[in-house]
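Let's take a stroll through a protein structure and see how its helices fit together. Keep the picture open while you read.

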Amino acid sequence: MDVFPILLVIVFFQVFVIQKSFPNLGTTLVGFALVVFGLFIFIQGLESALFPLGERMAHQFAQKGDIRWIVFFGFALGFSTTIAEPALTVIANKAGKLAADAGTISAQPGPIADYVLGLRLTVAFSVGLAGAIGVIRIIKGWPLMWFVMAGYGLIMVTTLFAPKEIIGIAYDAGGITTSTITVPLVTALGVGLATFIRGRNPIIDGFGLIALASLTPILFVMVFGIVAQEV
Amino acid sequence: MEYESSWWQLLNHSLKGTALDILPIIGVLVFFQLVAIRKKLPHFKKICTGFILVIVGLGIFIVGLEQCIFPLGTEMANQLTDVKFLVGEGKNSAEVFSGESPPALLYIWTYIFAFFIGFSTTLAEPSLIAVALKAKEISTGAISAWGLRIAVAFGVAFGVALGTYRIVTGTPLYIYILSGYIILLIQTIFAPKLIIPLAYDSGGVTTSTVTVPLVAALGIGLASNVPGRSPLLDGFGLIAFASLFPIMAVLAYAKITEILSQRNQNNYHHRGSQ
């Protein structure tokens, strides 16, 4: 049911618009069956592991009552999941190539590798920071709107000063940092914290961690671009 | 037999990749459980089984995507943006592409394809399913999981279609994004307070396992086929669009639902007073 629309779109365009026969029909059908089956198993695991785990850890943290540990946990979860993200590695490599082409850094393997590593660390740090700030926000009950407004404001201003070739990468970096396993875990954690802390509303205060984690990389990658340009 | 073994190899490879992605997460979880919380996790066995299900399910899902949906999607993106397909066989392409930018309307099928592929891949996105389930659970059904997913899918669809149009016309990305932010801020002021965090979360959630590779392929295919565009410079930005427009769509969906439910409530009060 979830995957069916993709098949419909592909068949329609292949048959009616491109008007060519289907390549490798057998492989396609087997692959499609795997997608449906895999998604089914994933959702079973989601309900029996990721959701309960996030909730229970939130509960135990809330019982413990030490805010520093929760904030550190938010940072560590954000940083560690992002630094290993394959999509980020791909984008960072492209960015290194672009910067060398534009003459921002010298086109030798050493400086390019430094640039790529620096970019990955910047994004991972910014997602970690979002995790930490997001957790503090939930505990204090501050409205997400403040953070979003301030974040967008800063992004708008920084865009004016950022080197042209980094802007596209920066905006895309916001979208790629949230992986399929992190999202359910972080959502359950946020909602769990907001449920167990008195006076917080799970819907208003519990969501928003992912929103912050897609905002900070945009800002920090542009700042990284400006700094790398001047060094 | 060779056919079967190759499927096994792919699956094996994909399972290893998924397990490697999860390792840092497990490391952090174990560290904090042991050092910070220092308590036994209840239902430990059940959670372990669930984790294995997550890894296996995601592994199988990704093999299927890489073998079936990605090659087809990439191939179709290439065919749809191919100059021969656009101009028609035997016609002179130099005439059509004489200006600085190609006529934007020529790529109409690409925009339509982008719209529908954005819509359909978003519905299959596992993270979005997770967030929608959670939202439904804690709102005790007030937020419908399907309603949210369809709203987000519309947002992505519109965003990706507009993004392909931008690649063809070559307008700078930041002009679109900055005007998008301004619209978003205005919407946020008027939106029901309850939905705001969820709406902003769904922007980041939509772009993951399924959507990113397909949409990136579309962008790069388009940027390398359209004359005067560079895949490195102009291929970026589709993902940014795909995470911006779902926020607008969810805020709009919530506003509409609010208006409708207010009407229903008024009807209910009328009935109650009788």
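Below we look at chain B, then at two helix pairs, and then at where the chains touch.

Before anything else, keep in mind that this is a predicted model.

**Chain B as a whole**

What is the secondary structure of chain B made of? It comes to twelve helices and zero strands, so if you read the elements of chain B from the N terminus on, you just get α again and again: α-α-α-α-α-α-α-α-α-α-α-α. Of the 274 residues in chain B, 49% are buried. Now take the contacts in chain B with a separation of 6 or more: 83% of them link residues that sit 24 or more positions apart.

One helix worth a stop is α10 of chain B, residues 211-225. Its 15 residues, at 1.5 Å a residue, should span 21 Å, and the end C-alpha atoms are indeed 21 Å apart, so the two agree. Is α10(B) largely enclosed or largely open? Since 14 of its 15 residues are buried, α10(B) is largely enclosed by the rest of the structure.

**Two helix pairs**

Two packed helices are described by the angle between their axes and the distance between the axes. Here are two pairs, one from each chain:

| Helix pair | Angle between axes | Distance between axes |
|---|---|---|
| α3(A), residues 67-83, and α5(A), residues 109-140 | about 150 degrees | 7 Å |
| α5(B), residues 108-123, and α7(B), residues 145-169 | roughly 150 degrees | within 7 Å |

An angle over 145 degrees counts as roughly antiparallel. That is why α3(A) and α5(A) are called roughly antiparallel to each other, and α5(B) and α7(B) are therefore roughly antiparallel too. As for handedness, α3(A) passes α5(A) in a right-handed crossing, and the crossing of α5(B) and α7(B) is right-handed as well.

Who does the touching? In the chain B pair, α5(B) brings residues including Phe115(B), Phe116(B) and Phe119(B), while α7(B) brings Val152(B), Val156(B) and Val160(B), among others. By class, that contact has 14 nonpolar, five polar and one charged residues. The contact of α3(A) with α5(A) splits into 17 nonpolar, six polar and one charged.

**Where the chains meet**

How many residues does each chain put into the contact between chain A and chain B? Chain A gives 82 residues and chain B gives 81 residues. On the chain A side, the largest share comes from helix α2 (residues 25-64), with 24 residues. That side of chain A divides into 52 nonpolar, 23 polar and seven charged residues.

How values were computed:
Residues numbered from 1 in each chain as written. Chains lettered and ligands numbered in written order. Predicted model: local features only at pLDDT ≥ 70, side-chain atom pairs only at ≥ 80, totals over all residues. Contact = placed C-beta atoms within 7 Å. Helix = DSSP H or I, 4+ residues; strand = E, 2+ residues; numbered from the N terminus. Nonpolar A, V, L, I, M, F, W, Y, C, P; charged D, E, K, R; others polar. Expected span 1.5 Å × (residues − 1). Buried ≥ 20, exposed ≤ 12 C-beta atoms within 10 Å, placed from the backbone. Axes fitted to C-alpha atoms, helices over the stretch in contact; angles between N-to-C directions. Parallel < 35°, antiparallel > 145°, perpendicular 65-115°, else oblique. Left-handed = near helix turned anticlockwise from the far one by under 90°.
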